[in-house]
Amino acid sequence: MPHLDPYFKQVDELTEKFIQRLREAVAIPSISSEDERRPDVVKMGHWLADQIKALGGTVELRELGKQPAPHEHLDLPPCLLARYGDDPKKKTVLLYGHYDVQPAQKSDGWATDPFTLTIDDKGRMYGRGSTDDKGPVLGWLNAIEAHQKAGVEVPVNLVMCFEGMEENGSEGLDDVIRAEAKKFFKDTDVVCISDNYWLGTEKPCLTYGVRGCNYYSIEISGPGQDLHSGVYGGMTHEPMTDLIRMMDSLVNPDGKILIEGIDDLVAPLTETEAALYPPIAFTMDDLHESLGAEVAIFDNKVDSLKRKMRYPSLSLHGIEGAFYTPGAKTVIPAKVIGKFSIRTVPNMEIDEVTKLVEKHINAEFAKLKSKNTMKFHIVHCGKWWVEDPNHANYTAAAKAVERVYKVKPDMTREGGSIPVTLTFQEELGKNVLLLPMGSSTDAAHSINEKLDKRNYIEGTKLLGAYLHYVAGELKDA
């Protein structure tokens, strides 16, 4: 595809303009989880809409109504539905991304102002949302502009779905997708999402699966109010003692889930899938660096990757109602709530997992013979997703990676959850590709979030190249 060369050249020439575009986006503190920042989220949606319109796209800012309780006083930010190109002879690619960000303030430990894009001498661009997900979203807009300036036709129609609530539960998004599956999205041939990361720092990857997440809590209550341990210690069943015993029964120090029957739900590892792990560009040093200490359960790459990508895990997250501030307080909490989640994989269905978890919780509490009261709660559940990595959508992306980065991409599954992948797959019945721009060291959701300039600019080249290869692969499929 020699016509990609002028496109690549134009991306390089527009580098400073593209960085300025990201600078403007980062400056809008579009934090969806903070009430006082909701106007900024809306502002960000309108700013993004104006950017697309300036490139010749058509945009609808779909209003989603009020946010569910307990935030019903807030209007949900609009879902941005846009289109670039409407040629019936071309294939259509649906692009998804989000324009909201995680909370951030300098006092959290940021080295720079989180809402001022700051570039260091190594080309690391620091700023909240730089990699999650403003940089990748703008990568698509950059690709359109570079095509225009290079005089190269965009080879597919683009349909865009950009939301402003991804970091706060994607409220309202599933309803939009269902409502528009046979309307606005009806011409979609494939879906591409750039909202995840390379496994390491040097080699791109294509992601064909994510784990699901079943989140639960155990509530144990006893006395009518908090008690003084000197006065009542030894005289009453203590909720905290019961809860610690309960949570200890869920998982062992090596990460093995202790709930009977869970392992039986997991799809067996095939030889074909097993062969994907050894070639992946990832080292134990990479893992230790990202952990910040040598505390990995396994001492080899393959077992570590399998545990992250294709086996379930159970994590204990916290205890609500317990004393946690510095100092000593001799209190017996009257009620405590323990929180934990299970990251699920094929073929772990939500209801089957929940049934096993609840059975285990009830049995373990009965063993305690406690006079306290126990309640089991389902907080939220999201299903795992896995896609066919041999589909034309993936072979096209692999060719684009080879063209831009001169290497074959790793084929990976994410340990985290991206629920919208499953919604698009189920509602549209189309192949969904995760095509990341950022790298494993970008610190999304953490302090000092960044996107490397190289990943942003070469990533823009990759997104544009993918559109050309997918047009060809789908035509030949």
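**Stop 1: a three-strand sheet and its helices**

Select strand S5 (residues 124-126) together with S18: the two pair in the antiparallel sense over 3 bridges. Keep in mind as you click around that this is a predicted model. To see the register, pick arginine 124, whose bridge partner in S18 is aspartate 452.

Now add S4 to the selection. The open sheet has 3 strands in the order S4-S5-S18, with antiparallel pairing. Strand S4 (118-119) and strand S18 (450-452) are the edge strands, and each pairs on one side only.

Next, bring in helix H4 (residues 130-150), which packs on this sheet and touches S5 and S18. The direction of H4 makes about 50° with that of S18. Then show H14, which lies across S4, S5 and S18 and runs at about 60° to S18.

Stay with helix H14 (residues 453-476) for a quick check of its length. At 1.5 Å a residue, its 24 residues should span 34 Å, and the end C-alpha atoms are 35 Å apart, so the two values agree. Is H14 mostly covered or mostly open? Colour it by accessibility and you will find it mostly covered, with 19 of its 24 residues buried.

**Stop 2: covered strands**

Move on to strand S17 (residues 431-434). In a regular strand the side chains alternate between the two faces of the sheet. Here both faces are covered: Asn431 and Leu433 are buried on one side, and Val432 and Leu434 are buried on the other. Add strand S7 (residues 190-193), which pairs with S17 in the parallel sense over 4 bridges. A handy pair to label is valine 191 and valine 432 in S17, which stand opposite each other.

Then select strand S8 (residues 205-210), where 6 of 6 residues are buried. Which strands does S8 join? Strand S16 (residues 410-414) runs parallel to S8, with 4 bridges between them. Strand S15 (residues 385-386) runs antiparallel to S8, with 2 bridges. Cysteine 205 has aspartate 410 as its bridge partner in S16, while glycine 209 stands opposite valine 386 in S15.

**Stop 3: two cysteines**

Show cysteine 79 and cysteine 161 as sticks. Why is there no bond between them? The sulfur of cysteine 79 has its closest cysteine sulfur in cysteine 161, at 3.9 Å, which is too far for a bond; the cut-off for a disulfide is 2.5 Å. A search of the whole structure finds 0 disulfides. Cysteine 79 counts as buried because its relative accessibility is 1%, and cysteine 161 counts as buried at 0%.

**Stop 4: two domains**

Zoom out and colour by domain. The domain assignment gives domain 1 (4-210 + 385-476) and domain 2 (212-266 + 311-382). Their C-alpha centres lie 37 Å apart. The contact between them takes 6 residues from domain 1 and 4 residues from domain 2.

**Stop 5: a four-strand sheet**

Select S11, S13, S9 and S14. These 4 strands form an open sheet in the order S11-S13-S9-S14, with antiparallel pairing. Strand S11 (313-320) and strand S14 (373-382) stand at the edges with a single partner strand each, so one side of each has no neighbour in the sheet. Look along the sheet to see the twist, which averages 20° from one strand to the next.

Now focus on strand S9 (residues 212-221), which pairs with S14 in the antiparallel sense over 9 bridges. Tyrosine 215 is a good place to start, with histidine 380 as its bridge partner in S14.

Turn on helix H11 (residues 350-368) as well. H11 lies across S9, strand S13 (335-344) and S14, and runs at about 160° to S14.

**Stop 6: serine 249**

For the last selection, pick serine 249, in the loop between helix H7 (239-248) and helix H8 (271-274). Is serine 249 buried or exposed? Its relative accessible area is 13%, so serine 249 is buried; the limit for that class is under 20%.

Which residues does serine 249 touch? Leaving out residues up to four places away in sequence, serine 249 touches Leu258, His360 and Glu364. Finally, draw a distance from the C-alpha atom of serine 249 to that of isoleucine 259: the two residues are 10 residues apart along the chain, and these atoms are separated by 8.0 Å.

Technical notes:
Residues are numbered from 1 along each chain as its sequence is written. This is a predicted model: local features need pLDDT of at least 70, side-chain atom pairs count only at pLDDT 80 or more; totals for chains, interfaces and linings use all residues. Side-chain values use heavy atoms; hydrogens and water are left out. The expected span of a helix is 1.5 Å times one less than its number of residues. Buried means under 20% relative accessible area, exposed over 50%, partly exposed in between (1.4 Å probe, protein chains only). Two strands pair if DSSP finds at least two bridges between them. Axes are lines fitted to C-alpha atoms, for helices over the stretch in contact, and angles run from 0 to 180 degrees between N-to-C directions. Contact means heavy atoms within 4.5 Å. Domain bounds come from an automatic or database domain assignment.
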